[in-house]
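Me: I would like to learn how to read helix packing and sheet order in a model such as this one. Could you take me through it step by step?

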Amino acid sequence: MRFTNLLPDQRSPVGNMLDRTGELASFIGRFFGRVWKPPYEWKETLAQMDEVGARSFLLVSVTGLAIGVVMAMQSRGTLAAFGAESYLPNMLTLTVVKEIGPVFTSLVLAGRLGAGIGAEIGSMRVTEQIDALEVAALKPFHYLVITRVVACVIVFPVLTVWADAIALLGGYFESFVVADTDYRIFFTMAFSSIRFEDLMMDTGKTAIFGFIVAIVSCYLGYNVRGGTREVGQAAMRAVVVSSLLILLADVIIVRLSLMLFGGVGSALQEHFYHKGMTRRGPFTSFGARLAIFDC
Amino acid sequence: MPEAETTEPERRDEAQETAPAAEPDEAPYAPPSSSKPEDDATAPARSTSGEVQPIGSGPPPEDTIIELRDLHKSFGDLDVLNGASLSVERGTSAVVMGGSGAGKSVLLKHVVKLLTPDAGEPWVKGQRVDEMTGEELDDLRLSIGYLFQGGALFDSMSVEENMNFFLKRHSALSKGERQDRIEETLSWVNLVDTAPKYPAELSGGQQKRIGLARAIILQPEILLYDEPTTGLDPVSVRTVSDLIVRLRDERGITSVAITHDLLCAEIITDRAHFIYEGEILESGTLKELKHSDHPTIRNFFGN
């Protein structure tokens, strides 16, 4: 899918970008064409899940804790100005579960895994290890790419749920220290503002983010040509490109979910509705918007 | 495609039939008494004719295990192969020599379809490699071992895991049998002690020998060597070269090596080919090439 026949350094930046985009699209097509076909590398997929999951556990935990504590500290003052300090658990839960948790966790994982996958596969390419797999009839695309993509798609949502939970704990910790909040009140309010379906949907989008990080990093590593310098560049580009694509995908997913399923926290809208603070709209999304305006 | 469908145990049996009396585990590595095939009175007579059939003439004769006909390959505007042709007889060692950038590695990669030609016909074991796909290609590849320039050992695995990785996926051997095969192969390259080590802990020469051991673990019919001695000291060059000769003499493995190392070429070659700007300029014995009238070849050999 080349737009020109020139060498890379002779192409215009736009032509180069179009080339890369076409190649990435072709790489994604190759993934979907082969993921259903044997050999199924279960053992290697589990090993990659361990690499992606277990070894990112501490990083994600610290990230979640920092998000929870900082969000609580920053929001307390603002809410207090409106006399709504008691709604801190609700606001924290909504913010963390719907947006900050999934996006922040995915960006942090993109930094760690994008660089790791890009550099690992890139160095395997330049040292001919991928060719060695190929000539030994070992299907490197299955062994290296499909395993990593599947592992990321499975593990990203799990790590996101964990990060969300740690963030809420961090938020509670801040509330306990600053306002001596009772844990029953905090968590009752926190969970009343979110429904299981919201959690599933907002966390589920991180499976798409996981796919983006893994497929972009694998593509850049798999197509490295040259030496160690190019491997480093592939690792760096894997982080940059996958982070940008995560943000872009998030905008698209949020827009689509607002169109299809409604606005901010249907459960929160229910919460306000029962308190007589808003009126129910014909659609959930409309009602949710009213809830926000009424607040 | 009867040969491509040969199963792994059958290939082992074939290899054992072609091997002389000394079994690898009975004969730990020792350099051959004479490393030049032409000096070895006991070595079987080998054809060095190497006539390449024209394009479109169908499969090559049965004796010809590899035949590359008029291969052309370009990368963008860069023409790397410009009609390269060569043939390799079964059970012989061919060497492709030439300077850097002449197209040696690209030529070799066509034999296992790591690259496909823009034009021309690569034939291996009577089959068009560039037209093969799926299991047919896998079967052919399993009958070919490939020693990469840097060894291409999987650096996340130990030496033993590197070898076991191939065996587990491509043989029906039990765990114990695999272990025996690994030990036997490592003893053949005289590196049994390195089994638990990782590639980064090995010297360049050791990595090449382990790469060679991994390439023969599935007992292939053909071995391809990409610069097998580049970057090695003269002692290691001789060690690796002698192993290549032993593989040909003891196991009847056909080999194609690309190199610009004269010492290695002198030790292993039956028939040499000189490649320049993507074209085979001349083929013959190494002695014939050394006395070639072609100025580029004379310049390469320092005449």
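Reply: We shall go through a helix pair and then a sheet, bearing in mind that this is a predicted model.

Me: At what angle do helix α6 and helix α8 of chain A pack?

Reply: For a helix pair, one looks at the angle, the distance and the residues that meet. Here α6 (residues 140–179) and α8 (residues 196–222) of chain A pack at about 150 degrees, with their axes 7 Å apart, and their crossing is right-handed. Among the residues that meet are A:V149, A:F156 and A:V161 in α6(A), and A:A207, A:F211 and A:I215 in α8(A); the residues of this contact divide into 17 nonpolar, five polar and one charged.

Me: What is the order of the strands in the open sheet of chain B?

Reply: A sheet is read from one edge to the other, noting the sense of pairing. The six strands of this open sheet follow the order β6-β7-β8-β3-β9-β10 in chain B, with mixed pairing. Strands β6 (144–147) and β10 (279–284) of chain B stand at the edges, each with a single partner strand, so one side of each has no neighbour in the sheet. Within the sheet, β7 (residues 222–226) and β8 (residues 254–259) of chain B pair in the parallel sense over five bridges, and B:L223 stands opposite B:S255 in β8(B).

Me: Which strands of chain B does helix α7 of chain B lie across?

Reply: Helix α7 (residues 234–251) of chain B lies across β3 (93–97), β7 and β8 of chain B, and runs at about 160 degrees to β8(B).

Methods
Residues are numbered from 1 along each chain as its sequence is written. Chains are lettered from A and ligands numbered from 1 in the order in which they are written. This is a predicted model: local features need pLDDT of at least 70, side-chain atom pairs count only at pLDDT 80 or more; totals for chains, interfaces and linings use all residues. Axes are lines fitted to C-alpha atoms, for helices over the stretch in contact, and angles run from 0 to 180 degrees between N-to-C directions. Helices (H or I, at least four residues) and strands (E, at least two) are DSSP runs, numbered from the N terminus. A crossing is left-handed if the near helix is turned anticlockwise from the far one by less than a right angle, and right-handed if clockwise. Two residues are in contact if their C-beta atoms, placed from the backbone, lie within 7 Å. Ala, Val, Leu, Ile, Met, Phe, Trp, Tyr, Cys and Pro count as nonpolar, Asp, Glu, Lys and Arg as charged, and the others, Gly among them, as polar. Two strands pair if DSSP finds at least two bridges between them.
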